[in-house]
Amino acid sequence: MDTTPEARSRELEERIAADPGAFRILTGDRPTGPLHLGHYFGTLANRVRLQRAGVELFVLVADYQVLTDRDVADHLTEYVEGLVADYLAAGIDPSAATVFRHSSVPALNQLMLPFLSLVSIAELSRNPTVKDEIATSRQSAVSGLMFTYPVHQAADILFCKANLVPVGKDQLPHQEITRTVARRFNERYGPVFPVPDALLSAAPLLLGTDGNKMSKSRGNAINLSATEDETARLVRRAVTDANRHITYEPETRPQVSSLVLLAALCQDRDPHTVAAEIGDGGAAALKKVVTDSVNEFLRPIRARRAEVAADRAYLRAVLAEGDERANAVAERTLAEVREAMSS
């Protein structure tokens, strides 16, 4: 019997197709700047797919977690509203999904205290995701919030009793901490929390225009809010290689292949077919195809984003309604936790 995370995810997809209403998902992002195409194809498109299938969606704007690896949270209001605009433009439906902020749900954050008692310092120290975050941190010293980040994430997931969390493979250790917290709480105090499953994303890896990991901070990403001219400039300076014949070979030609893949994703076609059509056209032809494909794909998303971003009252109303719903859920869960711990 195949017990790998991949096999479990295939099984979960079958169950979602059969009964989407049985699942509640928690997902979200830190408001540290605009979302880009890597986010769209990596997570946003999957969230929209699951919501449209009938899965209940909680989307967290993790404003408190901005402080995990930053000494100050600059431009926070602007970034929070921009993140919500990106969500809505991508297709998140705020009448169905609960879009909310960490800082507006006190009961969620109160769960940190009992949850911290359920994990050891050694377990947190061994978490590879925490190690990586610490290694790349912009802080002069590691904060306590950074160290306890996986437990805060457990509170994010468990406050709404989410039973499914879409993750990449690199996030599985974080998810395992959440599962550990849920199991230990239930064993010590009684059955309160589901033990959430990880739904592995099949999202392909897109490199930035400089050939490195696509990142907000590197300036190598095409933002959902970028103009067509900005997109063209970014693609023109993208790194390729000396081979004029365009092929899709991610292992041996990662930069070229990432550009081919981006065009293919935007066209909803196979990347080998896209590469074959460009053939001996070289980097210039490849970049033209990518630019045209991205701009065509993003045109309706950009139009929707410009519309909602211009209406700050609407963005704030979306957050206010989501915060209210999340607060009601969190307060019920915290009451259950208190009752279980006092009995």
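This is a short tour of a predicted model, with stops at a strand pair, a pocket and two loop residues.

**Stop 1: strand β1 and D29**

Select residues 24-29, which form strand β1. D29 belongs to this strand. Is D29 buried or exposed? With a relative accessible area of 13%, D29 is buried, because the cut-off for that class is under 20%.

Now show what surrounds D29. Leaving aside residues up to four places away in sequence, D29 touches R47, L60, V61, A62, L83 and Y87. Keep V61 selected for the next stop.

**Stop 2: strand β2 and the link through α2**

Add residues 56-61, strand β2. How do β1 and β2 run? The two strands are parallel, and six bridges join them. Within this pair, the residue opposite D29 is V61 in β2. V61 is also among the residues that D29 touches.

Next, add helix α2, residues 37-53. Together with β1 and β2, this helix makes a β-α-β unit, and the unit is right-handed.

**Stop 3: the second largest pocket**

Keep α2 on screen and turn to the second largest pocket, which holds about 210 Å³ of space. Its lining has 14 residues, and those closest to the pocket centre are N46, L200, S201, A202 and A203. Select these five residues to find the place. Two elements give two or more residues to the lining: α1 (5-18) and α2 (37-53). Which element gives the largest share? That is α2, with five residues.

Colour the lining by class to see its make-up: six residues are nonpolar, four are polar and four are charged.

**Stop 4: K161 and D268**

The last stop concerns backbone angles. Most residues other than glycine have a negative phi. The next two residues have a positive one.

Select K161, in the loop between α9 (149-159) and β4 (164-167). Its phi is near 55 degrees, a positive value in a residue that is not glycine. K161 has a relative accessible area of 25% and is therefore partly exposed, since that class lies between 20% and 50%.

Then move to D268, in the loop that runs between α12 (254-267) and α13 (271-278). For D268, too, phi is positive, near 55 degrees, and the residue is not glycine. Is D268 buried or exposed? D268 is exposed, because its relative accessible area of 71% is over the 50% cut-off.

Technical notes. Residues numbered from 1 in each chain as written. Predicted model: local features only at pLDDT ≥ 70, side-chain atom pairs only at ≥ 80, totals over all residues. Heavy atoms only, no water. Helix = DSSP H or I, 4+ residues; strand = E, 2+ residues; numbered from the N terminus. Buried < 20%, exposed > 50% of the residue type's maximum accessible area, 1.4 Å probe, protein only. Contact = heavy atoms within 4.5 Å. 1 Å grid on protein atoms, 1.4 Å probe; cavity = no way out; pocket = protein on both sides within 12 Å on 5 of 7 lines; lining within 4 Å. Points joined across faces, edges and corners; volume = space filled by probe spheres on them. Nonpolar A, V, L, I, M, F, W, Y, C, P; charged D, E, K, R; others polar. Pairing = 2+ DSSP bridges. Right-handed = clockwise from strand over helix to strand, strands pointing away.
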